[in-house]
Amino acid sequence: MEHPSAEHAFATLLGESAVPLLKEQGFRKRKLTFTRERDGLVDVINLQRSAGNSHESIRFYVNCGVYSVEFDRVIGRTPQQRPSEVDCQYRRRIESIATGIGPHVTVHADTDVPAAADELRAALTSALAVMGQLRGPDDIAQSVGSDIDFDVLRYRLATRDESGAREQYIRARSRFGAEDRWPRLEEQFRKAADSYDVAILDRERG
């Protein structure tokens, strides 16, 4: 008789949580990535297995993303037909947008699968609610957390959101201005602004 394994527990966990929940919400599954199209956006849920897994233990992370075709089009990038999580302009690990779940989930052969499934379903439901608040590329640009995300900067410049681009620069300078890498970062701000013939740096220095 074959002994229970972490692999079996992992498959059972997904079969009792992520797979039926996301299918019910309109997602399609390809390996461990689930995607759903809605109004020019693509929601992506990716289950990333750890490289150090074994027969006794499987650890995985839940990556969440929202991809906008229009966002890429506006900044001059070829839109992705089948975007993956790394293509998404909005990217979060699930623990940053959902409660009741840690930075990873670890499954053993003797894991209480029904309890783990309840927790994963609840976290995914919470994460989907947050992702669903993003209705278009403007929402994505406002929700990206990094002020040195230069795709967001280019989107703001391309859509003539000059005040938003300038505020992004000021926040970045306040946070990173004392670091050795700041001159390189500032040069990226300058090049992006120059390509759209917009001044976002010098106006704030006087």
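This passage walks through the overall build of the protein, then its cysteines, and then one residue close to the end of its last helix's trailing segment.

The model is a predicted one, so a word on confidence comes up front. Averaged over the protein, pLDDT comes to 94, and 96% of the residues score 70 or more. Among the helices and strands, the lowest confidence falls in strand β6, residues 105-108, with a mean of 95. At the other end of the scale sits helix α2, residues 18-24, with 98.As for the overall build, the protein has eight helices and six strands. Reading from the N terminus, the order is α-α-β-β-β-β-α-β-β-α-α-α-α-α. Put another way, the chain opens with two helices, moves on to four strands, passes through a helix and two more strands, and finishes with a run of five helices. A box of roughly 75 × 40 × 25 Å, set along the principal axes, holds the C-alpha atoms.

How much of the chain is tucked away from the surface as buried residues? Out of 206 residues, 42% count as buried. The contacts tell a bit about how the chain folds back on itself: taking those between residues at least 6 apart in sequence, 60% link residues at least 24 apart. On the outside, the protein exposes about 11500 Å², and 46% of that area comes from carbon and sulfur atoms. Charges are part of the picture too. The protein carries 30 positive and 33 negative charges, and the mean positions of the two sets lie 3 Å apart.

Next come the cysteines. How many disulfides does the structure hold? The count is zero. Cys64 takes part in no disulfide, and the nearest cysteine sulfur to it, the one in Cys88, is 9.7 Å away. For a disulfide, the two sulfur atoms would have to lie within 2.5 Å. The same distance shows up from the other side: Cys88 is in no disulfide either, with the sulfur of Cys64 as its nearest at 9.7 Å. Are these two cysteines buried or exposed? Cys64 counts as buried because its relative accessibility is 0%, and Cys88 is also buried, at 5%.

Finally, there is Ala199, which sits in the segment after α8, the helix spanning 182-195. With a relative accessibility of 41%, Ala199 counts as partly exposed. In sequence, Ala199 and Arg166 are 33 residues apart, yet from C-alpha to C-alpha the gap in space is 8.2 Å.

Note on methods:
Residues are numbered from 1 along each chain as its sequence is written. This is a predicted model: local features need pLDDT of at least 70, side-chain atom pairs count only at pLDDT 80 or more; totals for chains, interfaces and linings use all residues. Side-chain values use heavy atoms; hydrogens and water are left out. pLDDT is the predictor's confidence in each residue, from 0 to 100. Buried means under 20% relative accessible area, exposed over 50%, partly exposed in between (1.4 Å probe, protein chains only). Contact means heavy atoms within 4.5 Å. Accessible areas come from the Shrake-Rupley method with a 1.4 Å probe; for residues, only the protein chains shown count as cover. Lys and Arg count as positive and Asp and Glu as negative; His and the chain ends are not counted. The place of a charge is taken as NZ of Lys, CZ of Arg, CG of Asp or CD of Glu.
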